[in-house]
Amino acid sequence: MASPADHHDTAHHQQSNGKLILLLVFFCLTMLVCLSAAIFYDYQKKTISEAAQVNLTMLTNLKARQVGHWRHERIIHAQLLTANRDLLDSIALFIDQRTPDRANHIIQSLTPALSDSEDHAIVLTDASGLPILSVGDNINLKAHIDPEPLVTALDRHEVMFSKLFHVHSNATIHHHGHSHADVRTTHVHMNLIAPLYRHGDPAQEILGALIFIINPEHFLVPLMSSWPVPSPSAESVLVRKVDNKVLRLTPTRHAVSHEMLVSVKPPEGYETPGSRITEEKEGVFLGYDYRRVPVLASIKKVENSPWYLVAKIDKKEVMAPLFRIATIEAVTAIMFLAAASIMMMLWWRRQQALYQASYYQQQLQHQMLSQRFDNLTRFANDLVLLVDAQGQIIDANERALDTYGYPEDELKTFKLKDLCDLSQQECDLFWEQLKVEQGVRFETMQFRQDGSTFPVEINARWIDLDRGHLVQAIIRDISERKAAEDQLVHQAYHDPLTGLPNRLLISDRLKLAIAKARRHKTQAVLLLLDLDRFKNINDTLGHAVGDRILTTLAQRMQETLRDTDTVARFGGDEFLVLLEDIRELSDVVSLAQKLSDLVSQPVLIDGEEMCLTTSVGISVAPEDSIEVDKLIRFADTAMYRAKEKGRNNFQFYTPDMNAHAGRRLQLENNLRKALQRQEMVVYYQPQVEMDTGRIIGSEALLRWMHPEHGLISPNDFIPLAEETGVIEEIGAWALEQACQQTVAWQKNHPELKIAVNLSARQFRNENLVDDIEQILNKTGLAARHLEMELTESLLMEDVDVAIDLMNRLTKLGITLAIDDFGTGYSSLSHLNRFPIDKLKIDRSFVNSMSLDNSGIARTIITLGRTLGLSIIAEGVENNEQRQLLLQLGCPQAQGYYFSRPVHDNAFSEMLEKPTILPNS
């Protein structure tokens, strides 16, 4: 055990590490908070900048459209006025005659155009540009008319604006009734020049021009000075490019002088609105304005004009919300880190207090440990031994004394190895391992005083007590655990129902038996027993009865076989029997027959006797194979051959069985895909009136046109389809094809009927009636034209269920016929209960029929007439059989004499004939 000093050093080291980790955590937390704040700041900066750019762009576009719309309205107004024919005629006469009445008429026409207070005056000029008449304010015409754009407008024959220009005038200031000196004032004006043509036709000569003297401070200047929201720095200016300079058309907000027409050359080395306009660039950008202050600016050219609209706002104002966010972030982060540091400091002080308390508590516990150790171990549930460095037992608890059966003094005379079922070499190995490591763990057997043993698990480790450095051996009795492990092993290798070895165990024994047989030149024989029709017992009587039968048969087989033989349950209702050291196969034959007889003996269950049979497949090692899996597979193949031969027999495996099984497996795989590959076809055999040979119906017969094996007989694939369950899908398809084809034939032969066979698996389908009704609705065939053929043996499996199903079919209007009648075992009472319409005489009775041997056929015909049923004979192959059946009163028949089953095209050709009797 560790000393208190060791604990103190360890705890102090842990405290130092904890402090370092705490500082590291605080540093990481600080970095995380700073990084998060930086990311959030960057995100907000980007968001605010993008929003400001979008808003500035929208404002610039809006004002540019308003200016453009204003220009367009002014031009349209001038064009409408100059297109007035009455006004043009008056102007032409006035220019030619200069009479006062014409002047008055022109003044009266132009005065309404001055209703807009934006116009100072309208001036009429002659073709040379000299003013000859004006309407509106009394102004200095020479000062208010810009001659350069006037000449240009007259030369180009188009309406155009002049540039904005200053007009200087003198005004007298009056104060308290006294006049003072004149004050020189400056106004900004703009001319809109509209050429006049004789008769309003531009192709005629120019009479002169109308000049509209516009006051831009009425609309343009207020529009530029307005802003949608209060802003200390935002402004918009209307400018135009003049060579490499920029001419301001509206006053700026922050300039000392509010002169509008200021031509400025953009400063070099700065990205300014002026520098971008000289390059004819539009859009939003970050740069500097005329104050050399950073701004966010937007430039948009006014449509169809030389003007540019500039809107800008100080970058500092745009980012003001960001600075507030940054301040809040910083304060929040500082407060968070301060709170976190305070909490960590409080936590650390608490940990130090706990450490001090724990340290003093450990010292007290260590002082009491040695005193309490004996009490704790003495009454423990496990066996506890104290052993010195030489392995001598020096102490033991009460449980150890009771278990070993020795008195304490006598037990102390032993060494630990004396009680263990270990060799000296194993003891030395564990002791050397204990010297190197802190402890060892191993399992062994221990001896009691009476000589008996019991399994234990020993955990040995070094401890420090007042008595010195000792080994403490904690010994746990694991008898129950070992018993449970043995039980698990038994369950893993044995069948839980019968207690017989399972597939895993007999495979291991078979492997050993094969090796033994090869070594001793003998044989190992494997018999696979499969109970015939055992599924019927489970389905009818329940699995509980089936389990009791399996248990009884397993017990019988165990009692019959030799001790060297093995019988195992292979799964379900299959058993495997392994025979070893076989020298004569005749012994195997005798045992196989004995096992078959044993299974055939009745099994008494609840007072009732159950009789079963078994099919046995046999494989022999090493002749057939020396591989376990192959021997089992070969025995299984032989067992299936026994079932094919009628069950209740045994078959030895032969190599040709593999080929047969392989072909059967291939046939099964191909059968599952036959419908998808369109390999199934329906043939039709005509049913005729015996005397006339007229076709009255047909029987649909399924054929499989295999791409490799050709036409496969129904006798080969129908049983396989029944076994695999594919018959339901194939049968439904065949029924639909037959009904669909019959509907096509009924266009010319409306009373034609179709007969279709029902298999056993189809008959047991709960949805059979619904499926048939759905097919009839889908194909459009009337139910009375469909005849379902049922075998006699099929109906007798469960008479009540069969009658219920037949009644449901009859309610649909379907005709029911018993096929192969006379080959089954139905009684007259059952036959009278069945809702059938027709009896089919089996071909075996027709083939054996002669003048002296026709009793069975005669009886069936008489029985059918008595019960009011229709009669049809199948398998008629010659005229003699036909004539004899006619004499017996059989009205209908089918067979090779009339026609083999044929494809639908061939049957269609036969339908066009009045009779299909040979030589008719």
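Q: Why does Leu24 count as exposed?
A: In this predicted model, Leu24 has 52% relative accessibility. Exposed means over 50%, so Leu24 counts as exposed. Leu24 sits in helix 1 (residues 4–82). Together with Phe27 and Met31, Leu24 makes a nonpolar surface patch of about 330 Å².

Q: What makes Glu235 and Lys312 a salt bridge?
A: Their closest N and O atoms are 2.4 Å apart. The cut-off is within 4 Å, so the pair qualifies. The two residues come from distant parts of the chain: Glu235 from strand 7 (residues 235–242) and Lys312 from strand 12 (residues 307–314), 77 residues apart. Both also belong to a salt-bridge network with Asp289, Arg291 and Asp314.

Q: Why is Glu235 called buried?
A: Its relative accessible area is 5%. Buried means under 20%, so Glu235 is buried. Lys312 is buried as well, at 4%.

Q: Why is Glu280 called exposed, and why is Lys241 called partly exposed?
A: Glu280 has a relative accessible area of 53%, and exposed means over 50%. Lys241 has 29% relative accessibility. That value falls between the limits of 20% and 50%, so Lys241 is partly exposed. The side chains of Glu280 and Lys241 meet in a salt bridge at 3.6 Å, N to O.

Q: How do you know that Glu874 and Lys840 form a salt bridge?
A: The N to O distance is 3.7 Å. The limit is within 4 Å, so the pair counts. Glu874 lies in strand 32 (residues 870–874) and Lys840 in strand 31 (residues 838–841). Both residues are buried.

Methods: Residues numbered from 1 in each chain as written. Predicted model: local features only at pLDDT ≥ 70, side-chain atom pairs only at ≥ 80, totals over all residues. Heavy atoms only, no water. Patch = residues over 30% accessible without salt bridge, like charges linked within 9 Å, V, L, I, M, F, W, Y side chains within 5 Å. Areas by Shrake-Rupley, 256 points an atom, 1.4 Å probe, with all protein chains shown as cover. Helix = DSSP H or I, 4+ residues; strand = E, 2+ residues; numbered from the N terminus. Buried < 20%, exposed > 50% of the residue type's maximum accessible area, 1.4 Å probe, protein only.
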